[in-house]
Amino acid sequence: MRTVYLNGDYLPEADAKVSIFDRGFLMSDGVYEVTSVLGGKLIDFDGHAVRLERSLNELEMRAPMEKDDLLQVHRELVRRNEIEDGLVYLQITRGSDGDRDFVYPSEDVEPTIVLFTQSKPGMAQSLVAKKGIKVISIADQRWGRRDIKTVQLLYPSMGKMMAKAAGSDDAWMVENGAVTEGTSNNAYIVKGNTIITRHLGNEILSGITRKAVLRFAKEAQMKVEERSFTIEEAQGADEAFVTSATTFVMPVVEIDGSAIGAGTPGAVATRLREIYLEESCKAAV
Ligand code: PDD
């Protein structure tokens, strides 16, 4: 049984209980982060902590603990659950004042903070990454503040189910003719030596992996264009890929039934995956 963290205590998962009035449960009034673990160490903890703080600020939610303490909890859970490769999931909600109300409860209501681990042995040596994934396009029907990492994940979940029903692995969401992002990852295409990915804004989440990958790409003398692109442009690209804390850099080999490039993982995506894993492991804490 896993040890999880809830509001200051390390508990067996079966003993961790949250109120039915918690606003995370009733209103999806909560934010989260997913930090990957490789070789028992946290990948880009700092980036996730900074984005978490931003999400909390945007929602006027109180941070239940300082960054250093948060790092200690992450490390302690990795240690207690003997995680070699996997992830740490963190969620903070606005808590509960014992009833349901659209108005935020008063400032002195304690936020709820939950962390748990997921073990994924050999996560970095994914066989899927050697084959690449297939995606379909779907309309982006999420709310307008996708830059905040909230736990409102019903539409992304529906998107995954639509992909599954279509025999694909994931969905790229499209709004006003342009790709926003994947259901739980940022989307990219490659043309020659240029990597194209949507510019930041309220329409997408500013991925921590995205930031690192774009930096590594520039360091490797690749060109980066942060702009919108269409599904048609993606289908005509040399390569496509997605990034996230759980997939790192994952080649996309098919979009809406149309093969990308040779229909196998491209050289740029493959190289970026190698660089990303190597550099992030070096910097892991
Ligand atoms: N999802 N865009 C969306 C909508 C996401 O949910 C995620 C991450 C990303 C990539 O962000 P990062 O590189 O910081 O992981 C982009 C996490 C992994 C999840 O929900 O499990």
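Colleague: Which residues come nearest to the ligand?

Modeller: In this predicted model, Tyr 32, Arg 51, Glu 181, Thr 209 and Ala 245 come nearest, out of 19 residues around the ligand.

Colleague: What makes the pair between Tyr 32 and the ligand a polar contact?

Modeller: A polar side-chain atom of Tyr 32 lies 2.6 Å from a ligand oxygen atom. The cut-off is a pair of N or O atoms within 3.5 Å. The Tyr 32 pair therefore counts as a polar contact.

Colleague: Which side chains have a polar atom facing a nitrogen atom of the ligand, and at what distance?

Modeller: Glu 181 has one 2.7 Å from a ligand nitrogen atom. For Lys 149 the value is 3.2 Å, again to a nitrogen atom of the ligand. Both pairs pass, because the limit is 3.5 Å.

Colleague: Now the helices. Why is H2 called oblique to H3?

Modeller: H2 (residues 45–58) and H3 (residues 67–80) pack at about 125 degrees, with axes 11 Å apart. Roughly perpendicular covers 65 to 115 degrees, and roughly antiparallel starts over 145. The angle fits neither class, so H2 is oblique to H3. The crossing is right-handed.

Colleague: Which residues of H2 and H3 meet?

Modeller: Phe 45, Asp 46, Ala 49 and Leu 52 of H2 meet Lys 67, Leu 70, Leu 71 and His 74 of H3. By class, that contact has five nonpolar, one polar and two charged residues.

Colleague: What makes H6 roughly perpendicular to H8?

Modeller: The axes of H6 (residues 208–219) and H8 (residues 267–283) cross at roughly 110 degrees and come within 10 Å. The class runs from 65 to 115 degrees. Therefore H6 is roughly perpendicular to H8.

Colleague: Which residues make the contact?

Modeller: H6 gives Thr 209, Ala 212, Val 213, Phe 216 and Ala 217; H8 gives Leu 272, Ile 275, Tyr 276 and Glu 279. Seven are nonpolar, one is polar and one is charged.

Conventions
Residues numbered from 1 in each chain as written. Predicted model: local features only at pLDDT ≥ 70, side-chain atom pairs only at ≥ 80, totals over all residues. Heavy atoms only, no water. Axes fitted to C-alpha atoms, helices over the stretch in contact; angles between N-to-C directions. Helix = DSSP H or I, 4+ residues; strand = E, 2+ residues; numbered from the N terminus. Parallel < 35°, antiparallel > 145°, perpendicular 65-115°, else oblique. Left-handed = near helix turned anticlockwise from the far one by under 90°. Contact = heavy atoms within 4.5 Å. Nonpolar A, V, L, I, M, F, W, Y, C, P; charged D, E, K, R; others polar. Near = heavy atom within 4 Å. Polar contact = N/O pair within 3.5 Å; in protein donor to acceptor, adjacent residues only side chain to side chain.
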